[in-house]
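Me: I am new to this structure and would like to learn how to read some of its features. Could you take me through them with care?

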Amino acid sequence: MVENVQVEKGTSLWADAWKRLLKNKLAVFGMIILGLMIITVIVGPPLIRWTTGLTADYIPSDGDLIRSFPPSMQHPMGTDEAGRDLLARVLQGGRISLMVGIISTIVSLIVGVSYGAIAGYLGGRIDNFMMRVVDIIYAIPYILIVIVLLSVFGGPNTPGWIGWLSEKLGGAGNQGLSQIFLLFFALGLVSWLTMARVVRGQILSLKNQEFVLAAKATGVSTFAIIFRHLVPNALGPVIVYATLTVPSVMLTEAFLSYLGLGVQAPYASWGSLAADGIKNIAIFPWQLIFPGVTMALTLFSLNFLGDGLRDALDPQTRKF
Amino acid sequence: MLSFILRRLLIIVPMALLVVTVTWALIRIAPGNFYSTERTLPPAVEANIKKKYGLDRPWYEQYGMMMLNIVKLDFGDSLRYPGQTVNEIIRRHLPYSATIGFFAYILALLIGLTAGIIAALKQNSIWDYGSMALAMLGLSVPNFVLGPVLVLVFALGLYLVPPSRWGGISSLILPVITLSAIYAAYIARLTRAGMLEVMRSDYVRTARAKGLDEKTVLLKHALRGGIIPVVSFTGPALAGLLAGTVVVEKVFAIPGLGNIFIQSVFNRDEPLVLGIVAFISILIMIFNLAVDISYGFLDPRIRYE
Amino acid sequence: MQEFIGKSLAVSLICCFVLLSMTGCIRSSAEQKYFGIVKVPSDNVLRYVTGSEPESLDPQFVTGQPEARIMMALYEGLVEYHPITMEPIPAIAESWEIGPDGTEYLFHLRKNAKFSNGDPITAKDVVFSFRRGLSPELASRNANLAYYLKYAEAYNSARAFVRNPDGSFLVKDGGAPAAEPAAKADTFGPDSEFHRFIDAPERLTVPGDEAGRKKLTDKDAKMKALLEGKQFVPVRAEDVGIEAVDDHTVRLKLYQPAPFFLGLLAHQFFRVVHQPTIEKFGRAWTKPENIVTSGPFRVAAHKPYDELNTVKEPNYWDAANVKLAGIDFYPLDEQTTMLNLYKAGELDATYNHTIPAAWNDTVKQFKAEYSLHPEVAVDYYSLSVKKPPMDNLKVRQALSLAIDREALAQFQRTKKPLVDFTPEGIFPKYEEARQKVYTELLTQQGSSMAEWKARIFDAEKARKLMTEAGFPVQQAGSGWSTPSFPVDKVSITYNTSESNQKIAEFIQAQWKQNLGITLPLKNMEFKTFLPYRSAVEYDGVVRNGWVGDYMDPFTFLNLFYSQQNDGATGWWDPKYDKMLDDANKEVDEMKRFEMLATAEFYMMQQQIIVPLCTAGTSWVKKPFIKGMYPNPGTLHAWKFVYLEKDSAKWTKSMDDIMSEKDPAVTAQIDQLVATQEALKRSKAVEKTAE
């Protein structure tokens with residue numbers, strides 16, 4: 001009986017939030033665009049290959065074709081300087097960009113949530129120490145961390161599981177992808193800090209509530225208290241923050257691409273395509289417009305969705 | 001309150017030293033060194049260089065020497081630019097970044113606060129959606145795209161301002177706008193959210209009930225509370241801005257600290273990297289402290305033990 | 001509500017497109033005579049961009065090309081680069097003679113050369129500058145450029161002579177005690193004690209420290225016996241083969257003939273610095289308030305990362321012929337940024353490789369400004385010849401043959417296909433000799449020059465060789481596949497840069513299309529890449545390139561000389577070393593070139609590298625700049641450069657600027673080389689008189 005009441009209450013909370021979310025037209029708009037984008041990016045590349053035979057890394061061998069063509073029937077977005085079809089590259093770049101966003105956010109979720117929750121729940125000296133560690137990492141330039149990670153663990157020293165992961169997700173014979181996964185990992189490692197702070201704040205306000213005290217009294221282990229009782233209750237802000245982490249990670253990846261530290265050729269991301277395009281904006285504007293607008297639209301949708309989720313799930317918290 | 005500030009100030013020093021240590025370790029782990037170039041050096045030349053810079057000594061000795069000097073606030077000479085001390089470089093290039101950062105933040109505050117307040121006051125109106133959509137645009141366009149586009153239009157198309165390089169107020173306009181875009185967007189969103197929350201709160205309702213006029217309610221009560229998220233954002237943002245932002249400095253060829261820092265990492269210029277990291281980390285911590293203190297003044301509910 | 005969303009989205013999207021469409025109108029307005037605004041600077045100051053911020057203003061210390069161009073304004077050496085050909089022309093030395101055995105040089109300095117503080121430049125200053133560059137304490141990365149001087153390497157690497165208890169020294173060969181220095185009949189120039197010492201048989205040198213010697217003797221028992229009970233005398237700066245014979249005569253002594261050495265002396269490493277200033281200020285001597293320079297321009301102000309202002313030096317000996325009032329150097333390396341400045345008329349000229357590949361087609365239309373000339377530089381890929389599958393010659397040859405170099409060059413816009421190692425179109429005399437030698441050697445092998453040239457691209461033969469190497473190439477649909485090739489053991493590694501990436505992607509595509517091999521690409525941050533490449537840790541293929549230090553093919557062939565070489569292939573062949581040594585001993589120019597060509601042929605037959613292209617200069621200058629030529633190193637001797645106010649005399653086309661005779665520049669060069677020509681003539685008269 002008691003259980004039933006709880007379940008019902010939980011369902012209504014989420015259902016309520018969902019209803020509120022649906023009311024927010026901008027968020028719905030964001031969700032639709034994002035959904036479409038994900039579907040396009042998944043089915044797009046094979047479809048293009050099937051209809052026109054173009055792949056993202058196909059460089060024509062005829063010297064005359066190796067230049068940037070404006071949009072045409074054959075190449076709806078034009079081609080880049082190497083004569084590669086831009087549409088195919090934007091779609092393939094979308095895979096990478098969205099993966100960067102999502103995988104890095106998952107890494108930052110896993111690390112940030114456990115770290116923040118542990119620090120917040122244990123409190124006292126341990127909390128103080130753990131938070132100072134966060135402060136220190138916060139002050140270390142992440143560009144240095146990225147360089148070190150990419151150079152030390154890149155190439156022959158790539159950890160086996162990264163190679164395994166990239167093979168599973170990218171198909172065999174794609175060693176180039178492992179560097180990208182390293183980048184996901186590196187970006188995740190530098191973006192968990194704020195997440196840890198957010199979660200800690202939530203846990204601090206939750207840990208003295210009755211249900212935690214009750215669980216403690218009945219002898220539930222610390223681990224279980226943190227991960228079975230506290231974290232699920234702090235999920236609202238975490239989801240909100242995670243939605244907002246995705247676009248910020250994507251922007252960071254774009255910045256790294258601009259510095260030449262981003263994805264590995266022949267792969268591209270929206271960020272690296274935009275960074276290449278901006279150099280030629282005066283001559284081949286389509287090289288910037290298509291990847292740029294696609295990326296901006298996606299970031300737009302993600303931000304709208306994040307805002308909507310915040311309003312729906314947790315109208316009380318402020319951002320940060 | 002005072003003891004709180006003192007405690008936080010005292011902890012800054014060891015934390016900065018820790019940051020420096022970790023950074024030092026990272027540079028040492030990263031392959032490559034400051035003197036390598038396209039051509040391989042003969043072993044004799046390499047040995048001379050190692051001897052000159054003490055790189056032939058054991059690592060703990062090198063680390064000890066470095067820390068000792070840093071405690072004395074002397075970061076030594078840059079390795080890439082011999083004859084220039086790290087302190088000198090920071091002192092020389094900070095003003096460039098700081099000027100641009102300062103103006104960019106002022107501009108961001110002006111735009112962001114105005115847009116945010118209007119959006120909050122006229123919630124769900126065209127003003128609200130318009131300004132929020134603009135803010136979203138600011139958050140969605142990378143500044144390495146915004147900068148060159150502005151240059152193309154205003155410097156090379158209309159010839160209103162110089163395309164890049166430092167010199168005169170007109171050369172500041174484009175970098176300041178480029179830099180402020182994303183901050184203005186953040187501030188607008190934060191202000192809107194903060195204001196909306198405060199306006200629903202009891203004390204604003206009370207103030208209204210007391211019959212105070214709308215202007216006083218807004219400026220004295222609602223704004224003061226609603227601005228808190230902006231203040232907490234200002235801390236790290238300002239530190240980052242003052243220390244320079246790489247993209248804007250690269251695009252506009254401004255001799256600021258941000259670009260120099262990135263170059264020093266690529267050059268493996270250890271003293272310069274450490275010097276700038278130490279400087280920035282202290283800056284961040286001080287700004288964060290200032291933010292915490294200012295909470296006390298803005299929000300009477302927050303107290304420090 | 002719906003309406004509002006629509007409107008707010010529309011607002012932001014319109015903003016986006018207005019900005020972008022405005023860029024469109026600008027594009028059309030750019031179709032005019034010149035690339036951007038052309039306005040002659042009224043103050044007669046040239047505004048030039050020379051790449052990233054100079055490391056220092058110390059000529060003996062700096063290494064990069066950006067710095068080299070600044071050093072050419074601030075300092076002068078014994079010789080200077082000819083503005084068009086880059087051959088050495090007189091500078092502080094008004095004339096020189098080379099000894100009959102090719103190891104001795106006698107330089108006659110001009111008597112009116114002065115530092116920027118008015119002090120005269122004498123032979124002592126030249127000697128000081130050379131010794132300073134070699135001192136282990138300065139630890140200059142360029143020190144090895146001077147290793148051709150006798151005992152220079154020994155001094156720079158802190159080695160020691162070995163002295164017998166009786167005071168005589170051991171010589172290098174056999175370790176017998178040195179003969180007592182005696183005046184030799186063929187002494188070149190005036191006699192002196194130092195000259196007798198330096199002309200005597202080469203002394204043995206050993207590491208200067210105990211640990212180094214122990215390492216040596218542990219390996220070599222004979223050496224251990226030889227060094228027993230001997231004294232070790234450190235090699236001093238004073239022992240290096242440079243001597244101030246009198247105030248205005250400098251004598252150099254090399255180990256062995258090096259016909260290119262004179263050209264090398266124009267390098268910034270050999271330019272003259274002011275001893276009292278360096279001793280007085282130590283590390284701070286290059287600060288604008290302290291610095292004393294020797295060139296046609298002096299430092300007026302230096303704002304690092306912003307600008308370096310130089311003004312004409314009134315004390316410079318040839319000040320009458322320096323036409324610019326000053327040069328402002330801007331430290332920029334972002335191509336787009338500098339071209340924006342150029343278009344806005346705030347910059348007058350850029351340096352080599354500053355036009356982004358995609359812009360070339362557009363910028364090339366501005367004939368009066370765009371320069372594309374062959375450069376003394378090559379792009380190639382090194383192969384790790386010690387590791388399988390690259391240890392197989394046929395695999396290496398197949399990979400090289402499977403690249404369509406014409407298409408690659410066309411793709412890159414600024415480069416020319418390359419099938420050999422030394423750049424094409426840079427050393428015409430050498431190429432003539434090479435043509436002759438190759439034809440002979442190929443005929444001996446039953447091949448022909450035509451077949452050799454066909455290596456530019458031959459996919460058919462590449463597949464055949466690949467199959468012969470044990471990796472059969474099969475037809476797969478419209479393409480090819482080589483399933484047995486170990487693609488997991490080979491990757492194309494390059495350091496991160498836009499152009500490197502494009503070449504790598506292109507070559508990856510070529511090998512995929514012609515051999516059915518898809519090699520992964522791997523890019524690395526520059527400083528990570530360098531040790532990785534030089535230690536030959538890479539798998540299979542790595543990006544490489546070389547810019548010549550002087551105008552002689554040896555600067556390229558030298559890359560594979562000695563066991564520790566810059567080729568980064570792991571290949572080393574004593575036979576090749578000997579061929580180069582022998583060639584350098586040859587006095588006759590053409591004969592030497594033929595011998596060098598034989599060595600190049602030998603090396604190319606091993607296919608330790610995949611040659612790709614000869615680089616092109618690719619930069620722009622405003623049409624009013626005259627006397628600035630697209631020479632093979634893009635190194636401009638600044639005193640020939642001037643700004644022409646009269647637009648009728650402006651550069652019309654950069655394509656034929658090299659053959660254009662500018663009377664002002666020609667007269668200036670003629671006047672300069674007159675002293676050397678006069679000396680040559682008088683020597684010739686002497687010879688015939690004998």
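Reply: What follows takes a helix, a surface patch, a contact and some backbone features in turn. This is a predicted model, in which local features need pLDDT of at least 70 and side-chain atom pairs count only at pLDDT 80 or more, while totals for chains, interfaces and linings use all residues. Residues are numbered from 1 along each chain as its sequence is written, chains are lettered from A and ligands numbered from 1 in the order in which they are written, and side-chain values use heavy atoms, with hydrogens and water left out.

Me: How many residues does helix H20 of chain C have, and what span does it reach?

Reply: Helices are DSSP runs of H or I with at least four residues, strands are runs of E with at least two, and both are numbered from the N terminus. The expected span of a helix is 1.5 Å times one less than its number of residues. H20(C), residues 574–585, has 12 residues and reaches 17 Å from first to last C-alpha, close to the expected 16 Å. At its N-terminal end, Asp573(C) acts as a cap, with a side-chain oxygen 2.9 Å from the backbone nitrogen of Lys575(C).

Me: Which residues of H20(C) are buried, and what do they pack against?

Reply: Buried means under 20% relative accessible area, exposed over 50%, and partly exposed in between, with a 1.4 Å probe and protein chains only. In H20(C) the buried residues include Tyr576(C), Met579(C), Leu580(C) and Ala583(C), and the buried residues of this helix pack against helices H19 (554–557) and H21 (589–606) of chain C.

Me: Which residue contacts does Ser534(C) make?

Reply: Contact means heavy atoms within 4.5 Å. Ser534(C), in helix H18 (residues 526–534) of chain C, touches Thr40(B) and Ala568(C), leaving aside residues up to four places away in sequence. Ser534(C) is partly exposed, at 37% relative accessibility.

Me: What is unusual to look for in the backbone angles?

Reply: One feature to read is the sign of phi, and another is the omega angle of a peptide bond. Met86(C), although not a glycine, has a positive phi of about 70°; it lies in the loop between strands S2 (79–81) and S3 (88–90) of chain C and is buried, with a relative accessible area of 6%. Ala158(C) also has a positive phi, near 50°, but Ala158(C) is partly exposed at 42% relative accessibility. As for omega, a cis peptide bond with omega of about 0° joins Pro388(C) and Pro389(C), and Pro389(C) is placed in the loop between strand S15 (374–383) and helix H12 (393–401) of chain C.

Key: Polar contact = N/O pair within 3.5 Å; in protein donor to acceptor, adjacent residues only side chain to side chain.
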